[in-house]
Amino acid sequence: MMTLTAFRWVPPFAQGLVRDLRARWALEEAGIAYRERLIGPADQASPAYRALQPFGQVPAIEEDGLQLFESGAIVLEIAGRSEALMPRDARQGARARAWVLAALNTLEPPIQHLAGLDLFHADQPWAAAARPTAEQAVRKRLDELQEWLGGRDYLEDRFTAGDLMMTSVLRILRHTTLVSDRPALAAYQARCEARAAFRKALADQLRPFREYEASRAARPAQA
């Protein structure tokens with residue numbers, strides 16, 4: 001059975017956004033059973049984990065001698081095993097892979113940059129000065145994506161791994177109205193997030209965080 005690494009806990013602003021969600025969602029869509037390995041900061045820095053994930057991040061997977069890191073690579077590996085995520089038609093499959101890469105290479109960098117300014121550096125004067133340009137870059141990409149969608153339900157003629165990755169990237173903007181201000185994009189994201197596989201994956205990511213928080217709350221107060 002596949003083992004997937006995920007964080008034991010992250011701060012509230014990151015809950016529901018950690019990139020193991022992408023792998024969990026793909027596994028649920030593909031109907032592939034897995035077990036989770038929850039890690040913390042000490043695990044991230046350990047030589048054993050760095051041998052699996054050179055940068056100490058999540059997710060990483062292990063299965064029958066296969067060790068793989070990076071959410072995009074993991075989603076593509078899972079998608080290659082499931083027609084639910086990757087059409088068997090060669091041309092349609094190539095289009096699905098292109099959208100996975102577009103989400104990661106074209107949309108995510110400017111979106112992540114903006115989120116970093118907002119969530120980590122909001123009190124810094126240099127961040128305030130940089131934000132308008134960063135937001136404009138995101139707006140441009142979102143407008144282009146919405147134009148492509150038009151009246152489509154999905155990026156192509158059916159849900160694929162490309163939609164999974166694109167929706168995961170759009171979620172990074174949940175602290176803004178940049179997606180909700182664009183009706184076609186908002187409807188697209190809601191449509192993808194309404195899938196049972198997404199709801200299960202999100203619940204499974206959030207569960208350890210809730211358990212960790214409950215265990216901390218139950219500890220006796222230190223004198």
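## A tour of the predicted model, starting at E29

Select E29 first: its relative accessibility is 14%, so it counts as buried, the cut-off being under 20%. Keep in mind that this is a predicted model.

**The partner of E29.** Now add R195 to the selection. The side chains of E29 and R195 form a salt bridge, with N and O 2.7 Å apart. E29 belongs to helix α1 (residues 20-30), while R195 sits in the loop between α8 (183-193) and α9, so this pair ties together parts that are 166 residues apart in sequence. R195 has a relative accessible area of 24% and is therefore partly exposed.

**R171 and E193.** Select these two residues next. They form another of the salt bridges, and their closest N and O atoms are 3.0 Å apart. R171 is in the loop between α7 and α8, and E193 is in helix α8; the pair links distant parts of the chain, 22 residues apart. Are these two residues buried or exposed? Both R171 and E193 are buried.

**Inside helix α9.** Select residues 196-217, which make up helix α9. Within it, pick out K200 and D204, whose side chains meet in a salt bridge of 2.6 Å, N to O. Both residues lie in helix α9, four residues apart, which is about one turn of the helix. K200 is partly exposed because its relative accessible area is 40%. D204, at 12%, is buried.

**A network.** Select D20, R24, E36 and R207 together. A network of salt bridges links these four residues. Over the whole structure, how many salt bridges does a search find? The search finds 21.

**The end of helix α5.** Go to helix α5 (residues 90-120) and select L119, which is found there. With a relative accessibility of 34%, L119 counts as partly exposed. Add F13 and F120: together with L119 they make a nonpolar surface patch of about 280 Å².

Now select D118, also placed in helix α5. Its relative accessible area is 18%, so D118 is buried. Which side chain does the side chain of D118 contact? It makes a polar contact with the side chain of H175, at 2.8 Å.

**A loop residue.** Select G151, in the loop between α6 (125-149) and α7. G151 has a relative accessible area of 80% and is therefore exposed. Draw a distance from its C-alpha atom to that of Y188: the separation is 9.8 Å, although the two residues are 37 residues apart along the chain.

**Two annotated spans.** Colour residues 22-86, which an unreviewed UniProt entry lists as "domain: GST N-terminal". This span is 45% helix and 22% strand, and its end C-alpha atoms lie 15 Å apart. Then colour residues 89-212, covered by the UniProt annotation "domain: GST C-terminal", also from an unreviewed entry. Here the chain is 76% helix and 0% strand, with 44 Å between the end C-alpha atoms.

**Confidence.** Finally, colour the model by pLDDT. The protein averages 97, and 99% of the residues score at least 70. Among the elements, helix α7 (residues 161-170) has the highest mean pLDDT, 99, and helix α9 the lowest, 96. Where pLDDT is low, predicted coordinates should not be read in detail.

Technical notes:
Residues are numbered from 1 along each chain as its sequence is written. Side-chain values use heavy atoms; hydrogens and water are left out. pLDDT is the predictor's confidence in each residue, from 0 to 100. Helices (H or I, at least four residues) and strands (E, at least two) are DSSP runs, numbered from the N terminus. Patches are made of residues with over 30% relative accessible area and no salt bridge: like charges are joined within 9 Å, nonpolar side chains (Val, Leu, Ile, Met, Phe, Trp, Tyr) within 5 Å. Accessible areas come from the Shrake-Rupley method with a 1.4 Å probe; for residues, only the protein chains shown count as cover. Buried means under 20% relative accessible area, exposed over 50%, partly exposed in between (1.4 Å probe, protein chains only). UniProt positions are given in the numbering used here, feature names are shortened, and annotations may be inferred rather than shown by experiment. A polar contact is a pair of N or O atoms within 3.5 Å; within protein, one must be able to donate a hydrogen and the other to accept it, and residues adjacent in sequence count only if both atoms are side-chain atoms.
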